[in-house]
Every structure is written in C-alpha cells, then in structure tokens.
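Student: Could you please take me slowly through one part of this protein, and show me how that part fits into the rest? I would like one connected explanation, with each technical term explained when it comes up.

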Amino acid sequence: NEESGSKDSLPQPMAMDINLSTGPQHLAPYTVLESDPDGALFRLSLNKAPTAPLPIILSISGSAVMGADYADPSQWLVRMADGTEVPGLITGLSGGLVSVTIPAGSMMMGVRGPVIAGTDIDPDRTFTYTVLNSNGYTVRSGQTGTVLIVDDAHAQDHGWTPPAPGD
C-alpha cells in the first residue's frame, strides 16, 4: 500500500528566529539613549534562506510613540549580513504592524529603528516588537524584543555618562 505523497515532499514553513544585537550598553531589555545615533538595533534570522522575497510581519506596541520617540518604519534602515544597506524593505502597516521583507537568498539582516531625542525630560519609554505568524514561515516561541528608550537626562540612572550638549 503506497502513500500518495509524503511529509517530506510537502512545502514546509520556515522557522523564524529574532535576536537583539549585543554590545556593552545593550541590557535586557535592550536599552538605548534617545540621542543614540544608531537607534534601536535588532536582527532577524531564518534557519533557511527563502527562494523568493519573504515579508515578515512585526507587531509594535508599548509606551513609546511613533513619530515622537522613534521614527516611522519607512525611515528604518536594513543592513544585510554582508554590510550593504538595502532601501525599501520596511513598510508601516495599519494597526501597529510593520512588514520587513527578507530578500530571496538571505538568512539574516539587521534592522535599525532611529530614536528621536526630544527637548522635554521624559520618563523611560518602551516599544515591544513581536514576530507574528504569517504565510511562508512559522514563529518559534519567544520571538519578542523590547527596546527601552532612556531620556538623556536619566542616563546616570542607568549608569551612563550623559552626552555633552550638541553631541
């Protein structure tokens, strides 16, 4: 008795990993000063390169406000594993959703979301991004990252030396 097709012949969704970048001042949650020129950094990686461009859907939430505390996703930058920056891969969607397209053949890319330094002294703000299940991939558990945006006036509370005016 022969089976009509096997599990191995069916297309398998990709498993998605998300990792925060690391560095001497990147704490858990990932912490960034509002004046940091690099902004919030995180990395998306797949266990297998897609054969066609693959849009990944992120849900963004938290106390930080887009346009006041962090830049609109259309201004976020993508850096591929080889260091090249590719424009047009991030799109803001309605309802706090963001689409990040992973190009065909790529397994990893970095995303930089610029933060906005305000003139008022603000409490710490957060934004949390979560990778959502979508067509073409499945999400492993724990695929959420939180960015804590610290006002420069509170830098010492977190053990940092505040930046000099104009820096």
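Tutor: Let us start with β3, a mostly covered strand in which five of the seven residues are buried. Here a strand is a DSSP run of E of at least two residues and a helix is a run of H or I of at least four, both numbered from the N terminus, while buried means under 20% relative accessible area, exposed means over 50%, and partly exposed lies in between, with a 1.4 Å probe and protein chains only. The model is predicted, so to speak of a local feature requires pLDDT of at least 70 and to count a side-chain atom pair requires pLDDT 80 or more, whereas totals for chains, interfaces and linings use all residues. Residues are numbered from 1 along each chain as its sequence is written, and side-chain values use heavy atoms, leaving out hydrogens and water.

Before following β3 to its partner, it helps to see the whole. The protein has eleven strands and zero helices, and of its 167 residues, 35% are buried. Many contacts (heavy atoms within 4.5 Å) reach across the chain: among those between residues at least 6 apart in sequence, 72% join residues at least 24 apart. The protein exposes about 9300 Å², of which carbon and sulfur atoms supply 52%; such areas come from the Shrake-Rupley method with a 1.4 Å probe, and for residues only the protein chains shown count as cover.

The partner to follow is β8, which runs antiparallel to β3 and is joined to it by six bridges; two strands are said to pair if DSSP finds at least two bridges between them. Along this pairing, leucine 44 stands opposite methionine 109 in β8, and serine 45 stands opposite methionine 108 in β8. These two methionines belong to opposite sides of β8, since its covered face consists of Met109, Val111 and Gly113, and its uncovered face of Met108, Gly110 and Arg112.

β8 also pairs with β5, again antiparallel, this time through four bridges. Methionine 80 lies in strand β5, and its bridge partner in β8 is methionine 109. Methionine 109 therefore has leucine 44 as an opposite residue and methionine 80 as a bridge partner. Why is methionine 80 counted as buried? Its relative accessible area is 10%, and because that is under the 20% limit, methionine 80 counts as buried. Leaving aside neighbours within four places in sequence, methionine 80 is in contact with Val86, Leu89, Pro103, Ser106, Met108 and Met109. Its C-alpha atom is also 9.2 Å from that of isoleucine 102, a residue 22 places away along the chain.

Several of these residues return when we turn to the interior. A nonpolar core is a set of buried Ala, Val, Leu, Ile, Met, Phe, Trp, Tyr and Cys residues joined through side-chain atoms within 4.5 Å. The largest such core has 31 residues, and those with the most contacts inside it are Leu44, Trp76, Val100, Met109, Phe127 and Val147. Among the elements that give two or more residues to this core are β3 (40–46), β5 (77–80) and β8 (108–113), although the largest share, five residues, comes from β4.

The same three strands, β3, β5 and β8, are the elements that give two or more residues to the lining of the largest pocket. A pocket, found on a 1 Å grid over the protein atoms alone, is an open set of points where a 1.4 Å probe fits, with protein on both sides within 12 Å along at least five of seven lines, and its lining residues have an atom within 4 Å of a point. The largest pocket has a volume of about 300 Å³, where the volume is the space filled by probe spheres set on the points, which are joined across faces, edges and corners. Of the 16 lining residues, Leu41, Arg79, Gly110, Val111 and Arg112 are the closest to its centre. β8 gives the most to this lining, with five residues.

Finally, we can follow the chain out of β8. Alanine 117 is found in the loop between β8 and β9, and at 45% relative accessibility it counts as partly exposed. Not counting residues up to four places away in sequence, alanine 117 touches Glu34 and Ser35, and its C-alpha atom is 9.6 Å from that of valine 150, 33 residues away along the chain.
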